[in-house]
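Please open the structure in your viewer and keep the selection panel within reach. We will go from stop to stop, picking residues and looking at what surrounds them.

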Amino acid sequence: MRPTSDVSRRINAERLLLVAWLRAMLLQFAHPLIAAGVAEHSTFRGSPSAAYARLRQTVQAMLSLTYGTELERDGALNLIRAIHRRVNGTLASGCGCFAAGTRYSAEDPALLMWVHATLIESMVLVYEQLVEPLTPTERDRYCDDAAEVAIALGASSGVVPRSWGAMKAYLESRYMSGEIIVGRQALMLAAALVSPGGGRLSRRLASPLVSLVAAGLLPPHVRIQYGFLWNRRRERRFMRTIALLRLLRRALPLRFTQWQRARLVDCTAIRHDYSAAAR
């Protein structure tokens, strides 16, 4: 697998793109076979500490794939493959076009593609909302870089989108297929995702904010399926929240906004002068 480009290192450097993972996970849960796999095999709903450990493991894998040596990238890929090998089973009850008893596997190239596409689209969209716009060439290069990882994990090389236009076309085809439907397990997983653990005060303050951001980032037809409350008032609050996050990104030093591993990379593309963009 070839090293990632400057644009991928620049995008993946951002801590705020954890917000993109929130969007991507909700879209991934909207596939009934993926929701079943996560509900029956993942530990992230077990406790706040389990959720944090799972997040930390995911972040470390992403950083290794983006900034690591060839040996580190191979290690991250092998770890992900090992996790995928353990995730397989059958759908306990029918959901959408999938009948009860339908088999699922995290190694299924079609499911790998949905996970890949929702993550890459979310990373690009959220980066542009919170950090800076990307050129069409940069979007295409990010998709092309990411395709190498998807193929290494088992996605079909002839199917993985290598441009932004192909990525959007693939996602639209999946929405039109009828496969993407929010079922009971997706609702259960979403409730755990948007309700961070902790004390009563934490839940009262954090959960409404996470729920607002999650709802605002989703495509409207998926937001409706999840049952997120949405109206003009909430849309205005969402836009104000995004504007505040964007302001914080520009105001805070890089040691707060970017992963330490990314800051150590000798890549001038990461070290933007955002003051110029703000003028």
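Is Trp114 buried or exposed? Select Trp114 and show the surface: this residue is buried, because its relative accessible area is 1%, under the 20% that marks the cut-off for buried. Before going further, please keep in mind that this is a predicted model.

**Stop 1: aromatic pairs**

A search of the whole structure turns up three aromatic pairs. Trp114 belongs to one of them, with Tyr175 as its partner: the geometry is edge-to-face, with 5.7 Å from centre to centre and 90° between the planes. Colour the chain by helix and you will see that this pair links distant parts of the chain, with Trp114 in helix 6 and Tyr175 in helix 8 (residues 164-177), 61 residues apart. Tyr175 is also buried, as its relative accessible area is 18%.

Next, select Tyr226 and Phe228. Their rings make a tilted aromatic pair, 5.9 Å centre to centre and with 45° between the planes. Tyr226 has 8% relative accessibility and therefore counts as buried. Phe228 counts as buried too, at 14% relative accessibility.

**Stop 2: back to helix 6**

Now pick Met123, which sits in helix 6. With a relative accessibility of 4%, Met123 counts as buried. Add Leu18 to the selection and draw a distance between the two C-alpha atoms: Met123 and Leu18 are 8.8 Å apart in space, while their positions lie 105 residues apart in sequence.

**Stop 3: salt bridges**

How many salt bridges does the structure hold? There are 12, and we will visit some of them.

Start with Asp6 and Arg9, whose side chains meet in a salt bridge at 2.2 Å, N to O. The two residues are three apart in helix 1 (residues 6-12), so about one helical turn separates them. Switch the surface on and compare the partners: Asp6 is partly exposed, with a relative accessible area of 38%, whereas Arg9 is buried, with 16%.

Then select Arg10 and Glu132. These two form a salt bridge in which the closest N and O atoms are 3.1 Å apart. Arg10 belongs to helix 1 and Glu132 to the loop between helix 6 (109-130) and helix 7 (136-152), so this pair ties together parts that are 122 residues apart in sequence. Where do the two partners stand on the accessibility scale, buried or exposed? Arg10 counts as buried at 6% relative accessibility, and Glu132 is buried as well, with a relative accessible area of 14%.

Follow the chain on to Arg141 and Asp145, where another salt bridge joins the side chains at 3.5 Å, N to O. Both residues belong to helix 7, and since they are four residues apart, about one helical turn separates them. Arg141 counts as partly exposed at 38% relative accessibility, while Asp145 is buried, with a relative accessible area of 5%. To finish this stop, select Arg10, Glu132 and Glu138 together: salt bridges that share partners join these residues into one network.

**Stop 4: two surface patches**

Turn on the molecular surface and move to helix 12, which covers residues 232-251. Which residues gather in a patch of positive charge here on the surface? Select Arg232, Arg233, Arg236, Arg237 and Arg240, and you have the patch. Arg233, for one, has its place in helix 12. Its relative accessibility is 62%, so Arg233 counts as exposed; the cut-off for exposed is over 50%.

For the last selection, take Leu244, Leu247, Leu248, Leu252 and Phe256. Together they make a nonpolar surface patch of about 480 Å². Helix 12 provides the largest share of this nonpolar patch, namely three residues. One residue to click on is Leu247, which is found in helix 12. Leu247 is exposed, because its relative accessible area is 54%.

Notes. Residues are numbered from 1 along each chain as its sequence is written. This is a predicted model: local features need pLDDT of at least 70, side-chain atom pairs count only at pLDDT 80 or more; totals for chains, interfaces and linings use all residues. Side-chain values use heavy atoms; hydrogens and water are left out. Patches are made of residues with over 30% relative accessible area and no salt bridge: like charges are joined within 9 Å, nonpolar side chains (Val, Leu, Ile, Met, Phe, Trp, Tyr) within 5 Å. Accessible areas come from the Shrake-Rupley method with a 1.4 Å probe; for residues, only the protein chains shown count as cover. A salt bridge is a side-chain nitrogen of Lys or Arg within 4 Å of a carboxyl oxygen of Asp or Glu. Lys and Arg count as positive and Asp and Glu as negative; His and the chain ends are not counted. The place of a charge is taken as NZ of Lys, CZ of Arg, CG of Asp or CD of Glu. Buried means under 20% relative accessible area, exposed over 50%, partly exposed in between (1.4 Å probe, protein chains only). Rings of Phe, Tyr and Trp (its six-membered ring) pair if their centres lie within 6.5 Å; planes under 30 degrees apart count as stacked, over 60 as edge-to-face and the rest as tilted.
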